[in-house]
Amino acid sequence: MNERILMIETSTESCSAAISCGAGILASRIDETPRRQSAMLAPYIKEVLDEAGITASELDAVAVSEGPGSYTGLRVGVSTAKGICFGACKPLLGVDTLQILALQAEIPAERIVSMIDARRMEVYCATFDTKGTKLDGTEAKILDEDSFRELLDAGTVLFIGTGAEKFQAVCHHPNARFQSCHPLATAMAAPALAQLQKKEFKDVAYFEPFYLKDFVAGISKKSVL
């Protein structure tokens, strides 16, 4: 299969873009500098298209990390993906951010728990098997030393993502493994291709990121007078 997909990932503090051709990657870019998605995403998209030697009109689809994650980051990624889909008349695909992390696992374990850092000791998480198939629902979880005790007692578990380091500080179970990383666009290739082949497209006009929690704006401490 030679389907070419532009993949966009901005759900955490990093920013990445890649072009896949079937199961392979033609080009990719990543910047892990916090809060630079707005500045770096468009240049990265142009660069990966140029490196792959194609234009947006020659893509088969555009895939975007759909969340959960950072409100601002998700908005940047989804709005950019929608704009390309509208302009080039291409279908839109949405890939679960936690699945993307599960597919980046590098440490052997019987189960994988993907974690995205939220506020304080909270993470957005879900459990996967070693093939990246989700085994339970996505939830917001407050971490403590007893979190995931039943899962850990049953076998080895890899905790992966931007929340892994946070859990490592309080979890001392011998079956726990940890891999701290950001989700990457390059890890979206397999699920994006599967969705494309099944024609599981998002509605470009109405698709919204999966925030998991409602966005709450902070209250400015500056005087308005």
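Tutor: Rings of Phe, Tyr and Trp (its six-membered ring) pair if their centres lie within 6.5 Å; planes under 30 degrees apart count as stacked, over 60 as edge-to-face and the rest as tilted. The model is predicted, and local features need pLDDT of at least 70, side-chain atom pairs count only at pLDDT 80 or more, and totals for chains, interfaces and linings use all residues. Residues are numbered from 1 along each chain as its sequence is written, and side-chain values use heavy atoms, with hydrogens and water left out.

Student: How many aromatic pairs does this rule give?

Tutor: The count comes to 6 aromatic pairs.

Student: Why is the pair of Phe148 and Phe167 called edge-to-face?

Tutor: The ring centres of Phe148 and Phe167 are 5.6 Å apart, which satisfies the distance limit, and their planes stand at 70°, so the pair is edge-to-face. This pair links distant parts of the chain, 19 residues apart: Phe148 is in the loop between strand 8 and helix 4 (149-154), and Phe167 is in helix 5 (residues 164-168). Helices (H or I, at least four residues) and strands (E, at least two) are DSSP runs, numbered from the N terminus.

Student: What makes Phe148 count as buried?

Tutor: Buried means under 20% relative accessible area, exposed over 50%, and partly exposed in between (1.4 Å probe, protein chains only). Phe148 has 12% relative accessibility, so Phe148 counts as buried. Phe167, with a relative accessible area of 0%, is therefore buried too.

Student: How do you know that the rings of Phe159 and Phe167 form an edge-to-face pair?

Tutor: Their centres lie 4.8 Å apart and their planes meet at 70°, so both conditions are met and the pair is edge-to-face. Phe159 is buried, with a relative accessible area of 0%. Ring pairs join Phe148, Phe159, Phe167 and Phe178 into a cluster.

Student: What makes Lys141 a charge that sits over the ring of Phe148?

Tutor: The rule asks that NZ of Lys or CZ of Arg be within 6 Å of the ring centre and within 35 degrees of the ring normal. The charged end of Lys141 is 5.1 Å from the centre of the Phe148 ring and sits over that ring.

Student: Why is the link between Glu208 and Arg75 called a salt bridge?

Tutor: A salt bridge is a side-chain nitrogen of Lys or Arg within 4 Å of a carboxyl oxygen of Asp or Glu. The closest N and O atoms of Glu208 and Arg75 are 2.6 Å apart, so the pair qualifies. Glu208 lies in the segment after helix 6 (189-198) and Arg75 in helix 2, so the bridge ties together parts 133 residues apart in sequence. Glu208, at 42% relative accessibility, counts as partly exposed, and so does Arg75 at 36%.

Student: How do you know that Asp96 and Lys134 form a salt bridge?

Tutor: Their N to O distance is 2.5 Å, so the criterion is met. Asp96 is in the loop between strand 5 (92-95) and helix 3 (97-102), and Lys134 is in the loop between strand 7 (122-128) and strand 8, so the pair ties together parts that are 38 residues apart in sequence.

Student: Is Asp96 buried or exposed?

Tutor: The relative accessible area of Asp96 is 14%, so Asp96 is buried. Lys134, at 32% relative accessibility, counts as partly exposed.

Student: What makes Lys166 and Asp117 a salt bridge?

Tutor: Their closest N and O atoms are 2.2 Å apart, so this pair also qualifies. Lys166 lies in helix 5 and Asp117 in strand 6 (residues 111-117), so parts 49 residues apart in sequence are tied together. Lys166 counts as buried at 15% relative accessibility, while Asp117 is partly exposed at 37%. By this rule the count comes to 10 salt bridges.

Student: What makes strand 8 and strand 10 edge strands?

Tutor: Two strands pair if DSSP finds at least two bridges between them. In this model 5 strands form an open sheet with mixed pairing, in the order 8-7-6-9-10. Strand 8 (139-142) and strand 10 (176-180) are the edge strands, since each pairs on one side only.

Student: How do you know that strand 9 pairs with strand 10?

Tutor: 5 bridges join strand 9 (residues 157-161) to strand 10, so the requirement is satisfied, and the two run parallel. Gly161 stands opposite Ser180 in strand 10.
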